[in-house]
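Got the viewer open? Here is a short tour, one selection at a time.

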Amino acid sequence: MRRIIAVAIIILASFLLQTTVLQWIPYLEITPNILLIVTFSFGFMRGRSEGLYVGFLCGLLMDLFYGDIIGFYTLIFIYVGYINGIVSNYLVTDIVLLPMGLCLFSELFYNGYIYIFGFLLRNRLNVIQYVQTVILPETVLTMIFTIFVYGILLTVNKKLEAIEKKGADKFA
């Protein structure tokens, strides 16, 4: 129960941070995608099912507040959480460079999805401008924020696992 409450608080705080505080920082035309960081982090740290659930909640928040249709962002966040959950079976979560690579992959996958289904299918073919004005700045900024946010999420995850292990030992 503690984990569910902690994850819900993290998702809500990340959403509020991404959509309010970071919007008002001067000199930033693009905001980092904190919800994407949370989604791929939980998928990477906890596996496919938790990545899928966190991705669903993050995507649903984006759909409810910023999407034109329900399911557009939810689908991409579910994919990101699930794919990073599959990767967690093969890689170690404590190394800092791995989350940076996963962030790069997730951000490019996310922005490619947005471009294909949000712009390309509407016959907006200027991909070079989209890459220069949206994808590159958002990817760089999200990767910078990944260092800090992933560290916080990893610490919270380890503390929750220690609490869960202590509770399991109590019943054993």
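One definition first: a residue counts as buried when its relative accessible area is under 20%, as exposed when it is over 50%, and as partly exposed in between. Glu164 has a value of 37%, so it falls in the partly exposed group. Keep in mind that this is a predicted model.

**Stop 1: Arg3 and Glu164**

Select Glu164 together with Arg3. These two form a salt bridge, and their closest N and O atoms are 2.9 Å apart. Arg3 sits in helix α1 while Glu164 sits in helix α6, so this pair ties together parts that are 161 residues apart in sequence. Now compare how covered the partners are. Arg3 is buried because its relative accessible area is 8%, under the 20% cut-off. Glu164, as we saw, is partly exposed at 37%. Why might such a pair form at all? Side chains of opposite charge can pair when their charged atoms come close.

**Stop 2: the Arg46 network**

How many salt bridges does the structure hold? There are 3 of them. You have already visited the one between Arg3 and Glu164, so now select Arg46, Glu50 and Glu161. The side chains of Arg46 and Glu50 meet in a salt bridge, with 3.0 Å from N to O. Arg46 also forms a salt bridge with Glu161, and here the closest N and O atoms are 3.2 Å apart. Since Glu161 lies in helix α6 and Arg46 in helix α2 (residues 34–46), that pair ties together parts that are 115 residues apart in sequence. Salt bridges with shared partners join Arg46, Glu50 and Glu161 into one network.

Which of these side chains are buried, and which are partly exposed? Glu50 is buried, with a relative accessible area of 13%. Arg46 is partly exposed at 29%, and Glu161 is partly exposed at 33%.

**Stop 3: the largest pocket**

Next, select Met62, Tyr66, Tyr73, Tyr110 and Ile114. You are now looking into the largest pocket, which holds about 620 Å³ of space. Its lining has 24 residues, and the five you just selected are the closest to the centre of the pocket.

Colour the helices to see where the lining comes from. At least two lining residues come from each of α1 (2–21), α3 (48–66), α4 (72–87), α5 and α6. Which helix gives the most? That is α5, with 5 residues. If you colour the lining by residue type, you should get 12 nonpolar, 8 polar and 4 charged residues.

**Stop 4: the loop between α5 and α6**

Move to the loop between α5 (97–118) and α6 (127–171), where you will find Leu120. Leu120 is partly exposed, with a relative accessible area of 34%. Add Ile116, Phe117, Leu121 and Leu125 to your selection. Together with Leu120, these residues form a nonpolar patch on the surface, with about 490 Å² of accessible area between them.

Stay in this loop and pick Asn123, which is also placed between α5 and α6. What is the phi of Asn123? It is positive, about 65°, although Asn123 is not a glycine. Asn123 is exposed, because its relative accessible area of 60% is over the 50% cut-off.

**Stop 5: three quick picks in the helices**

Start with Tyr53 in helix α3. At a relative accessible area of 55%, Tyr53 is exposed. Try the distance tool on Tyr53 and Gly43: they are 10 residues apart along the chain, and their C-alpha atoms are separated by 9.0 Å.

Arg48 is in helix α3 as well. Arg48 is partly exposed, with 40% relative accessibility. Draw a line from Arg48 to Ile152, and you get 20 Å from C-alpha to C-alpha for two residues that are 104 residues apart in sequence.

Finish with Glu107, which is placed in helix α5. Is Glu107 buried or exposed? Glu107 counts as buried, at 0% relative accessibility. Draw one last line, from Glu107 to Ala13: the pair is 94 residues apart in sequence and 20 Å apart in space, C-alpha to C-alpha.

Terms used. Residues numbered from 1 in each chain as written. Predicted model: local features only at pLDDT ≥ 70, side-chain atom pairs only at ≥ 80, totals over all residues. Heavy atoms only, no water. Patch = residues over 30% accessible without salt bridge, like charges linked within 9 Å, V, L, I, M, F, W, Y side chains within 5 Å. Areas by Shrake-Rupley, 256 points an atom, 1.4 Å probe, with all protein chains shown as cover. Salt bridge = Lys/Arg side-chain N within 4 Å of Asp/Glu carboxyl O. Helix = DSSP H or I, 4+ residues; strand = E, 2+ residues; numbered from the N terminus. Buried < 20%, exposed > 50% of the residue type's maximum accessible area, 1.4 Å probe, protein only. 1 Å grid on protein atoms, 1.4 Å probe; cavity = no way out; pocket = protein on both sides within 12 Å on 5 of 7 lines; lining within 4 Å. Points joined across faces, edges and corners; volume = space filled by probe spheres on them. Nonpolar A, V, L, I, M, F, W, Y, C, P; charged D, E, K, R; others polar.
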